[in-house]
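Biologist: Please pick one part of this model and take me through it closely. I want to know how it sits against its surroundings, and then how it fits into the whole chain.

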Amino acid sequence: MGPPVEPIAAAARWARVWHDAWEAQDTEAIVALYAPDVVFSTEAFRVPYQGHEGVRRYVAQAFQEERGPRVWIGAPIVAGDRGAIEWWAAVVENDIEITLAGVSVLRFDAQGLVTEQRDSWNQAEGLHEPPAGWGR
């Protein structure tokens with residue numbers, strides 16, 4: 001274990017890695033953000049994914065369905081060991097143009113790894129950029 005990582009630094013890393021890895025469709029870069037025993041909830045009423053294998057399964061399947069993602073990540077909001085980060089992506093999913101917009105609520109451990117993630121999101125048909133002032 002290295003020195004402790006401040007939650008604001010962990011949230012900034014999460015935002016940067018998710019942006020770059022989503023556009024590159026790099027599953028393993030995303031998995032590396034999470035603690036081995038992470039609870040990863042992608043929808044409020046869906047059973048959460050567990051651990052690295054759960055994150056890997058979810059992300060790999062999503063990337064398999066998506067082509068050409070354009071991704072925007074908002075500035076993290078951090079309080080204590082928790083963070084909230086908006087995200088927006090325009091993708092072609094299963095040959096249909098869609099835009100996803102959501103927020104991830106995260107909890108970080110002392111090493112800056114995510115121990116809990118809860119997502120809330122929605123989607124619309126078509127490829128849309130975020131509105132002016134979004135993500136600040």
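**A close look at helix H3**

Modeller: Start with Tyr58. Tyr58 is partly exposed, at a relative accessible area of 22%. The model is predicted, and every value here is computed from it.

Tyr58 belongs to helix H3, which runs over residues 51-65. H3 has 15 residues. From first C-alpha to last it reaches 22 Å, close to the 21 Å expected at 1.5 Å a residue.

Which residues of H3 are buried? They are Gly51, Gly54, Val55, Val59, Ala62 and Phe63. Seen down the helix axis, the buried residues of H3 fall within an arc of 150°, so they line one face. An α-helix has 3.6 residues a turn, so residues three or four places apart point the same way. The other side of H3 carries exposed residues: Glu53, Arg57 and Gln64.

What covers the buried residues of H3? The cover includes two helices, H1 (7-24) and H2 (27-31). It also includes the strands E1 (34-41), E2 (49-50) and E3 (66-73).

Back to Tyr58, now by way of the aromatic rings. The chain has 8 aromatic pairs. In one of them, the ring centres of Phe40 and Tyr49 are 6.4 Å apart. Their planes stand at 65°, so this pair is edge-to-face. Tyr49 also pairs with Tyr58: the centres are 5.3 Å apart and the planes at 50°, so that pair is tilted. Tyr49 thus takes part in both pairs. Phe40 lies within E1 and Tyr49 within E2. Phe40 is buried, with a relative accessible area of 0%. Tyr49 also counts as buried, at 17%. The cut-off for buried is under 20%, so Tyr58 at 22% falls outside it. Elsewhere, ring pairs link Trp14, Trp18, Trp22 and Trp87 into a cluster. Among these, Trp14, Trp18 and Trp22 fall within H1.

Now the setting. The chain has 3 helices and 7 strands. Their order along the sequence is α-α-β-β-α-β-β-β-β-β. Buried residues make up 40% of the 136 residues. Of the contacts with a separation of 6 or more, 54% join residues 24 or more positions apart. The radius of gyration is 14 Å, which agrees with the value near 14 Å for a compact globule of 136 residues. Along its principal axes, the C-alpha trace spans about 45 × 35 × 30 Å. The chain exposes about 7500 Å², and carbon and sulfur atoms supply 54% of that area.

Technical notes. Residues are numbered from 1 along each chain as its sequence is written. This is a predicted model: local features need pLDDT of at least 70, side-chain atom pairs count only at pLDDT 80 or more; totals for chains, interfaces and linings use all residues. Side-chain values use heavy atoms; hydrogens and water are left out. Helices (H or I, at least four residues) and strands (E, at least two) are DSSP runs, numbered from the N terminus. The expected span of a helix is 1.5 Å times one less than its number of residues. Buried means under 20% relative accessible area, exposed over 50%, partly exposed in between (1.4 Å probe, protein chains only). The arc is that of the directions from the helix axis to the C-beta atoms. Contact means heavy atoms within 4.5 Å. The radius of gyration is taken over C-alpha atoms; the globule rule is 2.2 Å times the number of residues to the power 0.38. Accessible areas come from the Shrake-Rupley method with a 1.4 Å probe; for residues, only the protein chains shown count as cover. Rings of Phe, Tyr and Trp (its six-membered ring) pair if their centres lie within 6.5 Å; planes under 30 degrees apart count as stacked, over 60 as edge-to-face and the rest as tilted.
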